[in-house]
Amino acid sequence: MSINDNETLELILNQVKKRNYNETEFHQAVHEVLGSLGRVIAKNPHYADNGLIQRLCEPERQIIFRVPWVDDAGNVQINRGFRVQFNSALGPYKGGLRFHPSVNVGIIKFLGFEQTFKNALTGMPIGGGKGGSDFNPRGRSDGEVMRFCQSFMSELHRHIGEYTDVPAGDIGVGGREIGYMFGQYKRLTNRYEAGVITGKGLLYGGSRARTEATGYGAVYFVERMLATKKHSLEGKRVIVSGSGNVAIYTIQKMQALGAKVIACSDSNGFIVDDDGIDLDIVKEIKEKRRERISQYVKLKGGNTYYKEVESIWSVPCDIAMPSATQNELTGKDAEMLIKNGVIAVGEGANMPSTPEAVANFQKAGVLFAPGKAANAGGVATSALEMQQNASRDSWTFEETEKRLAEIMCTIHDLCAETADEYGIPGDYVAGANIAGFVRVASAMDALGII
Ligand code: NAP
């Protein structure tokens with residue numbers, strides 16, 4: 001098939017929508033990528049041969065399974081587990097597991113699709129995948145979380161492996177959950193296969209700086225993006241949504257580089273602290289006590305307040321770092337941020353800005369770093385963890401962070417240079433989509449019709 005215009009890409013998008021009925025987040029992610037590809041296909045028509053784009057939009061394998069477990073009251077609970085092995089042209093499937101009640105197949109497919117391009121941008125030998133469950137860890141005891149994780153892994157273990165598919169964490173899956181899942185994998189396979197999962201604790205094959213990597217990486221990306229306009233992070237007012245793994249380490253690195261983070265949130269509301277967020281308090285609340293962010297006001301006092309009804313994006317800032325979940329920043333939120341003088345947005349989360357928000361930022365000339373590039377530091381450091389596991393080595397924090405910083409700069413420059421090459425300077429969205437696509441598509445081309 002030969003294809004040389006946006007109309008044909010539109011046709012492919014319509015097929016995707018029809019075949020994946022009601023999977024709105026997946027449609028959105030595909031729409032965004034295909035929207036950038038007209039220019040590439042015009043220049044390199046062979047990428048559209050042999051149904052390559054259609055194959056890229058179809059996961060290689062989708063696994064859906066029952067996850068039964070027993071709660072503390074002795075009741076049987078049943079959740080649904082997912083693993084979407086999206087694309088393995090560049091390496092074993094690699095991508096996190098999300099435990100959140102909103103999880104469904106469309107969300108996992110959107111994340112797996114995004115992951116394929118993100119992983120390609122890192123330049124490392126990893127394909128794209130994603131998984132998870134509609135299990136809600138919030139309010140569950142450690143014992144309940146462990147029994148759930150064990151049951152989840154009892155099915156998942158037969159589909160993964162260091163050369164096949166390497167999961168990691170995501171929303172609702174941190175060090176505790178990874179430990180329980182790795183333990184069950186080890187027990188079922190009788191193999192100490194550290195490279196089967198990343199985000200592990202340091203005592204059993206984890207990498208230093210993996211916990212910090214996504215947040216740190218997003219800050220490095222934004223710092224380099226600002227430098228293209230002769231700005232720095234020094235003294236900038238920053239808002240970071242969420243208060244989980246990505247948010248916490250985004251706040252930490254922002255502060256270390258001289259910015260002032262004044263707000264963060266959880267799914268109930270947001271806090272504002274005009275003196276600058278005290279990260280120790282946030283960590284105490286979210287990592288130790290596993291409580292709500294509203295507690296911050298009680299613990300800190302002073303110039304702080306908590307709100308539930310308004311959007312965190314109504315707070316004036318220079319830099320916005322959406323780091324919670326998909327579609328958390330709407331077109332209206334973007335308008336508020338622009339009116340209040342935002343100069344840069346860095347997506348720590350996956351697809352947190354709606355298409356309307358992205359369009360508004362780009363129209364207003366706001367520097368905009370899309371998640372598939374800006375938050376790639378997590379998976380890149382997971383790949384560094386796999387390298388350490390393969391060589392039975394363990395690097396220092398400094399060494400690992402140095403590599404992370406270099407990878408983020410390379411990804412930034414690749415996106416910027418690709419945008420320049422295609423005549424759309426400063427368009428990091430198209431730059432990331434095109435650069436990621438070219439790598440995956442070239443590998444798929446070489447591997448034949450599979
Ligand atoms: P996490 O540790 O579970 O934290 C998620 C945070 O987002 C929590 O504060 C949570 O609040 C909040 N949140 C979740 N759903 C929300 C909603 N509907 N509205 C508002 N807030 C919500 O997860 P994470 O690892 O930081 O992941 C955050 C984002 O980064 C996700 O989009 C994830 O895919 C992406 N990401 C993560 C990594 C990684 O290495 N972890 C790498 C790349 C991308 P509650 O506590 O109230 O639920």
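## Helix 9, the ligand shell and the annotated residues

Just after helix 9, Arg-290 takes a positive phi of about 55°. This value, like the others in this report, was computed from a predicted model, and helix 9 is a convenient place to begin reading it.

Helix 9 spans residues 279–289, and its buried residues are Leu-279, Ile-281, Val-282, Lys-283, Ile-285 and Lys-286. A general rule helps in reading such a list: an α-helix has 3.6 residues a turn, so residues three or four places apart point the same way. What covers these buried residues includes helix 8, strand 7 (260–265) and helix 10 (295–300). At the N-terminal end of helix 9, Asp-278 acts as a cap, with a side-chain oxygen placed 3.1 Å from the backbone nitrogen of Asp-280.

Two of the buried residues of helix 9, Val-282 and Lys-286, also appear among the contacts of Ser-243, which include Ile-248, Ser-265, Asp-266 and Ile-293 as well when neighbours within four places in sequence are left aside. Ser-243 itself belongs to the loop between strand 6 (237–240) and helix 8. Is Ser-243 buried or exposed? Because its relative accessible area is 6%, and buried means under 20%, Ser-243 is buried. A polar atom of its side chain lies 2.8 Å from the backbone oxygen of Ser-265.

### Around the ligand

The shell around the ligand has 25 residues, of which Asp-170, Thr-214, Ser-267, Arg-292 and Asn-350 come nearest. By kind, the residues of this shell divide into 4 nonpolar, 14 polar and 7 charged, and both helix 7 (210–227) and helix 8 (245–256) supply at least two of them each. The table gives three contacts between protein atoms and oxygen atoms of the ligand.

| Residue | Protein atom | Distance to a ligand oxygen atom |
|---|---|---|
| Arg-210 | polar side-chain atom | 3.1 Å |
| Gly-244 | backbone N or O atom | 3.4 Å |
| Arg-292 | polar side-chain atom | 2.4 Å |

On its own the ligand has 890 Å² of accessible area, and the protein covers 82% of it.

### Residues annotated in UniProt

The unreviewed UniProt entry gives the annotation "binding site" to Thr-214 and Asn-245. Although these two are spread over 32 residues of sequence, they cluster in space, with a largest C-alpha distance of 8.1 Å. Thr-214 is found in helix 7, whereas Asn-245 lies in helix 8. Their exposure can be set side by side: Thr-214 is buried, with a relative accessible area of 9%, while Asn-245, at 37% relative accessibility, counts as partly exposed. Leaving aside its neighbours within four places in sequence, Thr-214 is in contact with Val-246, Gly-348, Asn-375, Gly-377 and Gly-378. The side chain of Asn-245, for its part, reaches the backbone oxygen of Thr-211 at 2.9 Å.

Which residue does the unreviewed UniProt entry list for "active site"? The entry lists Lys-130, a residue placed in strand 4 (residues 128–133). Because its relative accessibility is 2%, Lys-130 counts as buried. Not counting residues up to four places away in sequence, Lys-130 touches Arg-83, Val-84, Gly-95, Gly-96, Ile-108, Leu-111, Gly-112, Gln-115, Asp-170 and Asn-350. Asp-170 and Asn-350 have already been met in this report, since they are among the residues that come nearest to the ligand.

Technical notes: Residues are numbered from 1 along each chain as its sequence is written. This is a predicted model: local features need pLDDT of at least 70, side-chain atom pairs count only at pLDDT 80 or more; totals for chains, interfaces and linings use all residues. Side-chain values use heavy atoms; hydrogens and water are left out. UniProt positions are given in the numbering used here, feature names are shortened, and annotations may be inferred rather than shown by experiment. Helices (H or I, at least four residues) and strands (E, at least two) are DSSP runs, numbered from the N terminus. Buried means under 20% relative accessible area, exposed over 50%, partly exposed in between (1.4 Å probe, protein chains only). Contact means heavy atoms within 4.5 Å. A residue is near a molecule or strand if one of its heavy atoms lies within 4 Å of it. A polar contact is a pair of N or O atoms within 3.5 Å; within protein, one must be able to donate a hydrogen and the other to accept it, and residues adjacent in sequence count only if both atoms are side-chain atoms. Accessible areas come from the Shrake-Rupley method with a 1.4 Å probe; for residues, only the protein chains shown count as cover. Ala, Val, Leu, Ile, Met, Phe, Trp, Tyr, Cys and Pro count as nonpolar, Asp, Glu, Lys and Arg as charged, and the others, Gly among them, as polar.
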